[in-house]
Amino acid sequence: MYFNELKVGTSVDIEKVVIEKEKMLDFAYTYDNIPLHTDEKYAKTTHFGKIIAPGVMAFMAVWAKYLEVDFFGEELLAGKSTKIEWLKPVFAGDVLTGKATITKLSKRNNKNGMAEVTIEIYNQHQELVIIDITEAIVKIKAE
């Protein structure tokens, strides 16, 4: 969708994703190898009581589902930034769903604009676990 076709407040639901323990551990060993993500014995001594998913992995699992309903499609020129806040832990077996909303639009020039998308991610208990704000540069449709 072109920048000039986007509207603030437009939202889409993001399909559920299950955080699989094996994938969680594979990601952690490769990219975030700390005991809280990989060592069951250590994790039992923390206030979480068990290992937690790396935050980036949990976000990316939902992001992959968002891309299936992405607002921009081929009109996306580039991502500019993302800011992820982890509000609650995500555990193996958790079922995450999300909602993506266009929260800000700023025209940059006659060729493109900046679109801000806020993604709220919830676990199976309807607890908000992650908030992400991503900025993307999107083509303007020539008139």
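A residue is called buried when its relative accessible area is under 20%, exposed when that area is over 50%, and partly exposed in between. The exercises below apply this and other cut-offs to a predicted model.

**Exercise 1. Classify Leu77 by its accessibility, and place Leu77 in the fold.**

Start with the location: Leu77 belongs to strand β2. Its relative accessibility is 46%, and Leu77 therefore counts as partly exposed, since that class takes in the values between 20% and 50%. To place Leu77 relative to another residue, take Lys21, which is 56 residues away along the chain, and whose C-alpha atom is separated from that of Leu77 by 35 Å.

**Exercise 2. Describe the overall make-up of the protein: how many helices and strands are there, and in what order do the elements run?**

The count comes to four helices and five strands. Read from the N terminus, the order of the elements is β-α-α-α-α-β-β-β-β. For the overall dimensions, the C-alpha atoms fill a box of roughly 60 × 30 × 20 Å along the principal axes. Finally, the protein has 143 residues, of which 38% count as buried.

**Exercise 3. Find the aromatic pairs and decide why the pair of Phe27 and Tyr31 is called tilted.**

A search of the whole structure gives five aromatic pairs. The ring centres of Phe27 and Tyr31 are 5.0 Å apart and the ring planes stand at 45 degrees, so this pair is tilted; the cut-offs reserve "stacked" for planes under 30 degrees apart and "edge-to-face" for those over 60. The next step is to look at the backbone, where both residues lie in helix α1 (residues 21-31), four residues apart, or about one turn of the helix. As for accessibility, Phe27 is partly exposed at 21%, whereas Tyr31, at 62%, counts as exposed.

The pair of Tyr66 and Phe71 can be treated in the same manner. Its ring centres are 6.1 Å apart and its planes are at 55 degrees, so this pair is tilted. Both Tyr66 and Phe71 are buried. To finish, follow the ring pairs from residue to residue, and they link Phe59, Trp63, Tyr66, Phe71 and Phe72 into a cluster.

**Exercise 4. Identify the residue that lies over the face of Phe91, and give its distance from the ring centre.**

The residue is Lys50, at 4.8 Å from the ring centre of Phe91. That distance satisfies the requirement that NZ of a Lys be within 6 Å of the ring centre.

**Exercise 5. Which residues have the most contacts inside the largest nonpolar core, and which element gives the most to this core?**

The largest nonpolar core contains 32 residues, and those with the most contacts inside it are Ile19, Tyr66, Phe71, Phe72, Leu96 and Ile121. At least two residues come from each of β1 (11-18), α1, α4, β3 (95-107), β4 (112-122) and β5. The most is given by α4, with six residues. As background, nonpolar side chains in soluble globular proteins tend to be buried together.

**Exercise 6. Characterise the two largest pockets by volume and by lining.**

The largest pocket has a volume of about 210 Å³. Its lining is made of 15 residues, of which Trp63, Leu76, Gly79, Thr134 and Ala136 lie nearest the centre. Two or more lining residues come from each of α4 (55-66), β2 (76-86) and β5 (128-139), and the largest share, five residues, is that of β2. Divided by class, the lining has eight nonpolar, four polar and three charged residues.

The second largest pocket has a volume of about 160 Å³. It is lined by 13 residues, with Ile52, Ala53, Gly55, Trp86 and Lys88 nearest its centre. By class, this lining consists of 10 nonpolar residues, two polar and one charged.

**Exercise 7. What sign does the phi of Gln126 have, and is Gln126 buried or exposed?**

As a starting point, most residues other than glycine have a negative phi. Gln126 has a positive phi of about 60 degrees, although it is not a glycine. Its place is in the loop between β4 and β5, and at a relative accessible area of 63% Gln126 is exposed.

**Exercise 8. Locate Thr30 and give its C-alpha distance to Leu87.**

Thr30 lies in helix α1, and its relative accessibility of 56% makes Thr30 count as exposed. Between Thr30 and Leu87, which are 57 residues apart in sequence, the C-alpha to C-alpha distance is 23 Å.

Terms used
Residues are numbered from 1 along each chain as its sequence is written. This is a predicted model: local features need pLDDT of at least 70, side-chain atom pairs count only at pLDDT 80 or more; totals for chains, interfaces and linings use all residues. Side-chain values use heavy atoms; hydrogens and water are left out. Rings of Phe, Tyr and Trp (its six-membered ring) pair if their centres lie within 6.5 Å; planes under 30 degrees apart count as stacked, over 60 as edge-to-face and the rest as tilted. Buried means under 20% relative accessible area, exposed over 50%, partly exposed in between (1.4 Å probe, protein chains only). A charge sits over a ring if NZ of Lys or CZ of Arg is within 6 Å of the ring centre and within 35 degrees of the ring normal. On a 1 Å grid over the protein atoms alone, a cavity is a set of points where a 1.4 Å probe fits but cannot get out, and a pocket is an open set with protein on both sides within 12 Å along at least five of seven lines; lining residues have an atom within 4 Å of a point. Grid points are joined across faces, edges and corners, and a volume is the space filled by probe spheres set on the points. Ala, Val, Leu, Ile, Met, Phe, Trp, Tyr, Cys and Pro count as nonpolar, Asp, Glu, Lys and Arg as charged, and the others, Gly among them, as polar. A nonpolar core is a set of buried Ala, Val, Leu, Ile, Met, Phe, Trp, Tyr and Cys residues joined through side-chain atoms within 4.5 Å.
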